[in-house]
Amino acid sequence: MDALNSVIAAVAVSWTALELRWRGFDRTCGGLLARADGVTDSQIEGLVEAYRRTAILPWSSCLSRSAALCRALRRRQVPAVLRIGALPAGGALLAHAWVELDGHPLTDPPGIVDDFPVLSRPRPAARR
């Protein structure tokens, strides 16, 4: 099952990376910024690890991995939230995306994301 999760994660991250380019951020991630329980902690940890492994893909970014993981968790009724933060760094803007559950980061150690002021806040998903 671990290998299957890794393959599914690689496909999902790849698709999300393409979707971000073609559809843009709002259409790809808009509904993931809001809060959406039936999965065990070990299943969540397995999914997080599978999506973490996709970092080796050349087109994988923290945004594509986080958006794909957030979607996978929400499909399983886990109220995960996509977070995006930015930090000024020497005249540039350093940005990072991660997934939180109950206010705790799933995809990064807490110390890493603490440095990034959050740009995205929960909001209701757009109605279609």
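Select Arg83 first, in strand β1 (residues 81-89); strands (E, at least two residues) and helices (H or I, at least four residues) are DSSP runs, numbered from the N terminus. The model is predicted: local features need pLDDT of at least 70, side-chain atom pairs count only at pLDDT 80 or more, and totals for chains, interfaces and linings use all residues. Residues are numbered from 1 along each chain as its sequence is written, and side-chain values use heavy atoms, with hydrogens and water left out.

Arg83 counts as buried because its relative accessibility is 10%; buried means under 20% relative accessible area, exposed over 50%, and partly exposed in between (1.4 Å probe, protein chains only). Add Glu100 to the selection: its side chain is joined to that of Arg83 by a polar contact of 3.2 Å. Such a contact is a pair of N or O atoms within 3.5 Å; within protein, one must be able to donate a hydrogen and the other to accept it, and residues adjacent in sequence count only if both atoms are side-chain atoms. Then show His96, 13 residues from Arg83 in sequence, with 8.3 Å between their C-alpha atoms.

Next, select Arg71 and Glu19, which form a salt bridge with the closest N and O atoms 2.8 Å apart. A salt bridge is a side-chain nitrogen of Lys or Arg within 4 Å of a carboxyl oxygen of Asp or Glu. Arg71 is buried at 18% relative accessible area, and Glu19 is buried at 6% relative accessibility. The whole structure holds four salt bridges.

Move on to helix α2 (residues 41-53), whose end C-alpha atoms lie 18 Å apart, in agreement with the 18 Å expected for 13 residues at 1.5 Å a residue; the expected span is 1.5 Å times one less than the number of residues. Colour Ile44, Leu47, Val48, Ala50 and Tyr51, which are buried in α2. They lie on the same side of α2, because they cover an arc of only 160° around the axis. The face turned away from this buried side carries the exposed residues Asp41, Ser42 and Glu45.

Within α2, display Glu49, Arg52 and Arg53, linked in a network of salt bridges. Arg52 meets Glu49 at 3.0 Å, N to O, and Arg53 meets Glu49 at 3.8 Å, N to O. Arg52 and Glu49 are three residues apart and therefore separated by about one helical turn. Glu49 is partly exposed, at 32% relative accessibility, and Arg52 is partly exposed at 40%.

Finally, select Trp15 in helix α1 (residues 2-29). Trp15 is partly exposed, at 49% relative accessibility.

Conventions: The arc is that of the directions from the helix axis to the C-beta atoms.
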